[in-house]
Amino acid sequence: MSEQTETRGTRRRVVVVGAGMAGVQTAVVLREKGFTGPVTLIGAEPHQPYDRPPLSKAVLLGKAEGSAFDVDFEALGIELRLGREVLGVRPGDHELDTATGPVPYDVLVLATGAEPIRLPGAEGVPGVHLLRTLDDAERLRPVLARQHDIVVVGAGWIGAEFATAAREAGCAVTVVEAADRPLAGALPAEVAAPMTAWYADSGAVLRTHARVERVEDGTVILDDGSRVPAGAVVVGIGARPATAWLKDSGIELGTYGEVVADDHLRTSAPDVHAVGDCASFPSGRYGERLLVHHWDNALQGPRTVAANIIGESPEPYDPVPYFWSEQFGRFVQYAGHHASADTTVWRGDPTGAAWSVCWLREGRLVALLAVGRPRDLAQGRRLIEAGTAMDPELLADPSRPLKGATA
């Protein structure tokens with residue numbers, strides 16, 4: 001490496017905005033790759049950076065006090081600025097505007113994640129909760145301990161996980177969902193249909209076609225006039241990229257307010273990268289732009305960002321999206337992206353404890369949902385990455401390993 005390249009690649013000041021998984025991983029991977037320049041990690045919350053998945057499980061149920069990352073930031077020479085709100089960025093000046101004054105950067109990484117969508121009209125109503133942050137989980141923990149009647153608004157991934165925890169804590173749970181089924185925005189109707197029974201099996205009440213009209217203290221009123229008692233209301237109706245602070249920056253934002261990144265996670269502004277829940281990227285594998293709000297994307301993307309910062313030439317960022325959910329005693333995993341599939345193949349009985357759904361496009365596996373079949377998921381993920389041609393008839397035999405169902 002020439003001295004000029006080293007100066008450009010390893011001694012510049014890197015500032016990372018966002019202290020969740022994507023931001024922390026970016027800082028850590030920079031050090032792993034030998035970057036010796038100053039690295040500053042700015043987080044809006046005052047807590048030590050922490051992992052989010054345990055919030056809806058162990059932290060919520062009091063089985064863990066927190067989920068701080070096992071990272072020695074001081075030893076790595078990573079400066080933490082926590083409890084700091086970032087107000088804007090001026091790419092032309094290479095400066096961030098924060099509540100405590102401007103922060104200069106040579107390279108900026110946007111890793112601000114996503115923020116929960118709030119229920120209109122419910123702001124300020126006592127007993128209405130979100131579940132996104134450590135503070136949210138700590139506010140909800142005593143609510144579960146008191147075994148209140150709980151209404152969950154939204155039967156998506158987070159709603160199902162919270163309902164699971166609330167039932168485990170002994171609460172009476174009613175889940176209200178505006179659509180006709182759980183996970184309406186995530187999965188096709190025939191795939192989500194078997195999951196409807198999981199709610200009743202766990203003792204939770206699921207009400208579909210149920211839109212919230214308003215929330216009063218102790219009651220949720222639905223648009224059909226019915227009233228549902230609610231000692232607490234937990235809202236889980238989705239999330240949007242946390243990018244409002246970028247609106248006057250000139251950095252290109254997409255349809256959902258996300259930062260538009262290229263296939264190396266670079267933004268429209270020079271020396272600015274974006275990673276994790278706040279950014280979309282073009283997928284050559286799927287032929288469309290993907291906005292992935294899942295932990296694995298926040299874990300993988302930083303390797304591409306760090307490689308670019310230090311002057312490596314990484315492959316385009318084009319992962320097979322992956323996530324998991326633990327709900328109602330089931331371990332649900334998903335890999336890929338099924339939107340462009342032309343064939344759906346079931347493996348096993350969806351009324352049973354273990355089954356999978358495979359999506360093919362032109363004979364090749366593009367996505368897979370596995371319920372209690374982790375081996376299907378592990379093999380399927382590799383087959384998606386390889387673009388392997390599959391035999392649908394062999395694939396439909398749940399006793400045959402996925403890797404043995406190739407064409």
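This briefing walks through a few helices, strands and aromatic residues of the structure above. The model is a predicted one. We begin with helix 5, which is mostly covered, and move on to strand 20, which pairs with strand 18 and with strand 21. After that come the aromatic rings, and then two buried residues, D136 and S325.

**Helix 5**

- Helix 5 runs over residues 157-168, and its end C-alpha atoms are 17 Å apart.
- That distance agrees with expectation, because 12 residues at 1.5 Å a residue should span 16 Å.
- Of the 12 residues in helix 5, 9 are buried, so the helix counts as mostly covered under the cut-off of 20% relative accessible area.
- The buried residues of helix 5 include W157, G159, A160, E161 and F162.
- Further along helix 5, A163, T164, A165 and A166 are buried too.
- Just after the helix comes G170, with a positive phi of about 95°.

**Strand 20 and its partners**

- Strand 20 covers residues 279-283 and is mostly covered, with 4 of its 5 residues buried.
- Strand 18 (residues 259-260) pairs with strand 20 in the parallel sense, over 2 bridges.
- In this region V260 has S280, in strand 20, as its bridge partner.
- With strand 21 (residues 288-291), strand 20 pairs in the antiparallel sense, over 4 bridges.
- Opposite F281 stands L290, which belongs to strand 21.
- Strand 20 and strand 21 form a hairpin with 4 residues between the strands.
- In that hairpin, G287 takes a positive phi near 70°.

**Aromatic rings**

- The count of aromatic pairs comes to 8.
- One of them joins F281 and Y317 in an edge-to-face arrangement, with 5.0 Å centre to centre and 65° between the planes.
- This pair links distant parts of the chain, as F281 is in strand 20 while Y317 sits in the loop between helix 8 (295-309) and strand 22, 36 residues apart.
- F281 counts as buried because its relative accessibility is 1%, under the cut-off of 20%.
- Y317 has a relative accessible area of 6%, so Y317 is buried as well.
- W157, F323, Y334 and W359 form one aromatic cluster, and W157 is also among the buried residues of helix 5.

**D136 in helix 4**

- D136 lies in helix 4, which spans residues 134-145.
- With a relative accessible area of 10%, D136 falls under the 20% cut-off and is therefore buried.
- The side chain of D136 reaches the backbone nitrogen of T133 at 3.0 Å.
- Not counting residues up to four places away in sequence, D136 touches L130 and L131.

**S325 in strand 22**

- S325 is part of strand 22, which runs over residues 322-327.
- The relative accessible area of S325 is 0%, so this residue is buried.
- The side chains of S325 and Q327 are joined by a polar contact of 2.9 Å.
- Leaving aside neighbours within four places in sequence, S325 is in contact with W157 and E161, both of them buried residues of helix 5.
- On the same basis, the contacts of S325 also include R330, F331 and V332.

Conventions: Residues numbered from 1 in each chain as written. Predicted model: local features only at pLDDT ≥ 70, side-chain atom pairs only at ≥ 80, totals over all residues. Heavy atoms only, no water. Buried < 20%, exposed > 50% of the residue type's maximum accessible area, 1.4 Å probe, protein only. Polar contact = N/O pair within 3.5 Å; in protein donor to acceptor, adjacent residues only side chain to side chain. Contact = heavy atoms within 4.5 Å. Expected span 1.5 Å × (residues − 1). Pairing = 2+ DSSP bridges. Phe/Tyr/Trp six-rings, centres within 6.5 Å; stacked < 30°, edge-to-face > 60°.
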